[in-house]
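Here is a short set of exercises to work through with the structure open beside you. Try each task before you read its solution.

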Amino acid sequence: MALTPRLNLRQSQSLVMTPQLLQSIRLLQLTNVELERFLEEEIERNPLLERDERGAADGETLPDGLQDLAARDWDEAERPSSESISDRLDSSLENLFPDDPGTHESIGPDLSAQWRSAGGNGLAVSSGEEWSLENVAAAPVTLRDHVREQIGLAFDEPAERLLAAELSEGLDEAGYFQGELAEIAERYGVEEAAVAHVLEVCQGFEPAGLFARDLAECLALQLRARDRLDPAMRALLDNLGLLARRDFHALKRICGVDEEDLVDMLAEIRALDPKPGAGFTSGGADAIVPDVIVRPAPDGAWAVEVNTDALPRVLVNETYFATVSANASKQEKTFLSECFQSANWIARSLDQRARTILKVASEIVRQQDAFLVRGVRHLRPLKLRTVAEAIGMHESTISRVAANKYMMTPRGVFELRYFFTAAIQSADGGDAHSSEAVRDRIRGLIDAEAAARVLSDDAIVDILHGEGIDIARRTVAKYREAMNIPSSVQRRREKKALAGAGG
């Protein structure tokens, strides 16, 4: 058989992730803060894209030339050509979420109107809102600032102040010193004893416990400030491992105290602060802004709506686009056209993001109605696939929506992932139980146990089996350890010690 070269024409299909499609997927999984940062960068880069700072209510008209592409009902005559957008972006707008029809009617007119008429911009307060002192309050004092103030009062010599400032740079967020004295001494050309002396002075700063090198030293500094660092307490601090294991018999022998004195010492330890520097802020903390708000409806159902404060709106300045394009060169027109198409794509992506979040949240509320009414004990097991099949989307889309999105309910603010829990089978063949509900039940049983009857993991398994929950002992132990609850042996030692001191 002879080998000869020849040309073949073959047609095939493949999934291509265009930059615009990747951007749309990225927008879906961004948090509120990340989304605002992304929009600020796009507005700075795109001269046609502007933010709607007005927080307009329904019925207000936009300024001339500014069009809200995310909330505009286009007439057929003025609707931008999807073919031109597709050619320009090398992707169809419908590819934003291929499994979502993209119509407002798919989620019902009522739900659609809740976000289409939203007037929030995600950042600014409305002009009619009252003045707040929080908007002009001074920045909070950081740990470094607090320490520097005390350095200026504690040291007279410039060299010691310089060493103290260097030591303060080695503080972590909890107030512990993480540096090396020998390294600092070598760097500044001084004796290590001089650096140790400065550290000792710094360990007397307020709050007590700063500049400690480990937990035992931190607690010792606080006890010294209270004049309670006696030999028995020093022995207790040297054996914190035994305290963590609740080995009170060994601690009584090592410290040379009776049971009553040991309980008093433990009470003093509990009153101390293991992280004295944590009370100072190291930077601005972002408050959680819920993406979805759930309220009881007058008809007894639940009203689900997108939070307007987490719903940014952007506008496209068409007047500027038309004015500049009229006298622009070919290269400039190409640039402006790309900016216009990019702005349109971002607006459509924000539109799709809001509707997708609302659809997912509405289905979660429908699935977890019992939780909203009765509490965590009635939380149902729920999978991403269940929600995906119910609303006709892909499971990966639900996963992106559930990441870092929050829902405000009458029972508090929860991350959407909180409602997706594993299922634990029922012992009597009934409905499965949520793992989160089982954890809450285990916590309740341990909190209610008496000192004379501490529940072992096997006893908890028997109680749960009696309540129709089919669970293994190792699962109970895993849930208990995840909640930082000690074993029954350790709890029994602690409860007996406390009971003996109380008697």
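A disulfide is a pair of cysteine sulfur atoms within 2.5 Å. The model you're looking at is predicted, so local features need pLDDT of at least 70 and side-chain atom pairs count only at pLDDT 80 or more, while totals for chains, interfaces and linings use all residues. Residues are numbered from 1 along each chain as its sequence is written, and side-chain values use heavy atoms, with hydrogens and water left out.

**Exercise 1. Work out how many disulfides there are, and whether Cys-218 and Cys-339 are buried or exposed.**

Step 1: Apply the sulfur rule, and the count is zero disulfides.

Step 2: Get the burial cut-offs straight: buried means under 20% relative accessible area, exposed means over 50%, and partly exposed is in between (1.4 Å probe, protein chains only).

Step 3: Cys-218 has a relative accessible area of 0%, so it is buried. Cys-339 comes in at 7%, so it is buried too.

**Exercise 2. Find which residue pairs with Arg-51 in a salt bridge, and say where the two partners sit.**

Step 1: Start with the idea. Side chains of opposite charge can pair when their charged atoms come close. The cut-off used here is a side-chain nitrogen of Lys or Arg within 4 Å of a carboxyl oxygen of Asp or Glu.

Step 2: The partner is Glu-36, and the closest N and O atoms are 3.0 Å apart.

Step 3: Place them: Arg-51 is in strand S1 (residues 49-51) and Glu-36 is in helix H2 (residues 32-45), so the pair links distant parts of the chain, 15 residues apart. Helices (H or I, at least four residues) and strands (E, at least two) are DSSP runs, numbered from the N terminus.

Step 4: Check burial. Arg-51 is buried because its relative accessibility is 11%, and Glu-36 is buried because its value is 9%.

**Exercise 3. Look at two further salt bridges, Glu-268 with Arg-228 and Glu-449 with Arg-491, and ask which parts of the chain they link.**

Step 1: A search of the whole structure finds 22 salt bridges.

Step 2: Among them, Glu-268 and Arg-228 meet at 2.7 Å, N to O. Glu-268 lies in helix H13 and Arg-228 in the loop between helix H9 (215-225) and helix H10 (231-237), so the pair ties together parts that are 40 residues apart in sequence.

Step 3: Glu-268 counts as partly exposed because its relative accessibility is 21%. Arg-228 is partly exposed as well, at 30%.

Step 4: Now Glu-449 and Arg-491: their closest N and O atoms are 2.7 Å apart. Glu-449 is in the loop between helix H19 (435-447) and helix H20 (457-466), Arg-491 is in helix H22, and 42 residues separate them. Both Glu-449 and Arg-491 are buried.

Step 5: Finally, look for shared partners: salt bridges join Glu-36, Glu-40 and Arg-51 into one network.

**Exercise 4. Which residues form the nonpolar patch that includes Ile-288?**

Step 1: Patches are made of residues with over 30% relative accessible area and no salt bridge; like charges are joined within 9 Å, and nonpolar side chains (Val, Leu, Ile, Met, Phe, Trp, Tyr) within 5 Å.

Step 2: Ile-288 is joined by Met-408 and Val-413, with about 250 Å² of accessible area together. That area comes from the Shrake-Rupley method with a 1.4 Å probe, and for residues only the protein chains shown count as cover.

Step 3: Ile-288 lies in the loop between H13 and strand S3 (292-296). Its relative accessible area is 52%, so Ile-288 is exposed.

**Exercise 5. Hunt down the unusual backbone at Pro-207, Phe-211 and Asn-484.**

Step 1: Know the background: most residues other than glycine have a negative phi, and most peptide bonds are trans.

Step 2: Glu-206 and Pro-207 are joined by a cis peptide bond, with omega about -10 degrees. Pro-207 sits in the loop between helix H8 (192-202) and H9.

Step 3: Phe-211 is found in the loop between H8 and H9. Though not a glycine, Phe-211 has a positive phi of about 70 degrees. It is buried, because its relative accessible area is 0%.

Step 4: Asn-484, also not a glycine, has a positive phi of about 60 degrees. Asn-484 lies in the loop between H21 and H22 and counts as exposed, at 70% relative accessibility.
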